[in-house]
Amino acid sequence: MIKKQIIDNIKINSKEILSKFPKIELHRHLEGTMPIETLFYLSQKNKLNYPDNIEDFSRQIQFPKDEKPDFLLFLSKFKNNWYKSYEDIEKVCIDSIKSLEKESIFYIELRFSPEHYCLENNFDRIEVTKLIINSCNKAAKEIGLNIKYLITFNRGKQNQKEMIELYNKIIKSNIPDIVGIDLAGDEINFPPKDFSLFFNNVYNDGIYKATIHAGEVTPPSSIWEAIMLCYASRIGHGVAAIHDINLQKFLKEKQIGLEQCITSNRQTGSWPDEKTHPCAKLIENGVPVTINTDDPVIQNSDLTDDYLKLINYFSFDFTKLVEINKIAINCSFLSENEKIELLKRYQKKVAEFEKKYLQS
Ligand SMILES: [Zn+2]
């Protein structure tokens with residue numbers, strides 16, 4: 001009866017209540033989190049070639065809500081030309097982090113690509129990395145957000161040698177709060193095996209864990225490759241795992257988490273029908289699945305929207321939502337002690353939410 005009441009409570013007025021539910025997020029790109037208003041401000045300030053009213057501007061920047069899935073259209077929405085100074089980068093960091101408050105993100109492993117900010121500028125990649133982490137940390141402290149970072153390497157824009165060089169510089173610089181390395185970009189033309197030397201270095205150094213975008217628009221073999229040849233501890237998207245039962249057993253046994261993103265997967269064509277997204281079946285089969293946004297501003301959505309889809313399409317209730325967040329803590333790149341500590345604080349936060357929003 002109480003459980004029913006809780007489900008009903010979530011279903012009624014769901015977006016408002018769900019937006020207050022504390023969430024753990026492991027797959028979100030800073031480059032896809034920058035608020036539209038901030039990008040519009042930079043466009044005006046730096047005299048960029050975009051529309052000068054915010055409605056037309058948004059239409060150009062975001063993936064159209066009812067547009068049919070299109071991987072290339074989705075990727076074309078990412079631009080590198082917003083930033084003309086370190087101050088611009090600092091501003092997008094602060095505004096992006098503050099925007100997470102309305103989604104009640106409790107802990108995030110935010111990823112960013114130093115290359116993205118430096119491609120069109122003569123910025124130093126290490127300086128930019130430090131600047132992003134410092135700025136985000138400052139804003140995170142203000143809103144009480146727990147945050148760590150993943151450094152994204154882009155398989156289409158950096159070759160393996162360049163990746164190793166940047167990675168070595170990052171290690172030498174002793175930058176705090178980085179917990180992992182991510183491989184993103186065009187997974188069709190640049191399979192994980194092309195980067196195995198780089199990821200062998202990462203694994204042997206033992207400083208950071210690895211997550212690799214795989215099985216998003218490629219078959220299960222690319223997920224196997226990411227794990228076996230590149231020692232990935234998590235997989236970005238990995239929707240193709242639904243086609244390989246042995247892979248699912250392996251992911252379950254080794255506790256290798258899938259970072260799934262229902263809205264993003266539709267827009268890119270990775271899984272065009274949200275109502276049949278494989279996340280629920282994979283969870284049922286015991287695969288550690290986490291739910292994430294990917295690039296919410298480009299997608300014109302947020303993490304609460306993805307949680308709503310779990311409720312509306314897969315009958316998730318409060319207990320199941322808490323459960324996937326516990327799985328996310330377990331799949332995080334924190335140390336075992338840090339995970340225990342985070343779990344305790346998360347449970348306290350959930351109890352506060354339950355008392356305040358569900359039992360009143
Ligand atoms: Zn991604």
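This report describes a central strand, a helix and two loop residues of a predicted model.

**Strand β5 and its partners**

Strand β5 covers residues 209-214, and because six of its six residues are buried, the strand is largely enclosed by the rest of the structure. The burial extends to both faces, since K209, T211 and H213 are buried on one side while A210, I212 and A214 are buried on the other.

On one hand, β5 pairs with strand β4, which spans residues 178-184, in the parallel sense and over four bridges. Within this pairing, D182 stands opposite T211 of β5. To get from β4 to β5 the chain passes through helix α10, residues 196-205, and the resulting β-α-β crossover is right-handed.

On the other hand, β5 also pairs with strand β6, residues 234-237, again in the parallel sense and over four bridges. Here H213 is the residue that stands opposite G236 in β6. Helix α11, made of residues 220-228, joins β5 and β6 in a β-α-β unit that is right-handed.

**Helix α8**

Helix α8 runs over residues 125-143, and its 19 residues reach 27 Å from the first C-alpha to the last, which is close to the 27 Å expected at 1.5 Å a residue. Its buried residues are V128, T129, I132, I133, S135, C136, A139 and A140. A general point helps in reading such a list: an α-helix has 3.6 residues a turn, so residues three or four places apart point the same way. The elements that cover the buried residues of α8 include the helices α6 (86-99), α7 (114-118) and α9 (160-173), together with the strands β2 (105-112) and β3 (146-154). After α8 comes G144, whose phi is positive, near 70 degrees.

**Two residues with positive phi**

Most residues other than glycine have a negative phi. Y231, although it is not a glycine, has a positive phi of about 55 degrees, and Q255, likewise not a glycine, has a positive phi of about 55 degrees. The table sets out where each of them lies and how many neighbours surround it.

| Residue | Loop | C-beta neighbours inside 10 Å |
|---|---|---|
| Y231 | between α11 and β6 | 16 neighbours |
| Q255 | between α12 (245-254) and β7 (257-260) | 13 neighbours |

Y231 counts as partly exposed because it has 16 C-beta neighbours inside 10 Å, and Q255, with 13 such neighbours, counts as partly exposed as well. The loop that holds Y231 leads back to the strand pairing described above, as it lies between α11 and β6.

Technical notes. Residues are numbered from 1 along each chain as its sequence is written. This is a predicted model: local features need pLDDT of at least 70, side-chain atom pairs count only at pLDDT 80 or more; totals for chains, interfaces and linings use all residues. A residue is buried if 20 or more other C-beta atoms lie within 10 Å of its own, exposed if 12 or fewer, and partly exposed in between; C-beta atoms are placed from the backbone. Helices (H or I, at least four residues) and strands (E, at least two) are DSSP runs, numbered from the N terminus. Two strands pair if DSSP finds at least two bridges between them. A crossover is right-handed if, with the strands pointing away from the viewer, the path from the first strand over the helix to the second runs clockwise. The expected span of a helix is 1.5 Å times one less than its number of residues. Two residues are in contact if their C-beta atoms, placed from the backbone, lie within 7 Å.
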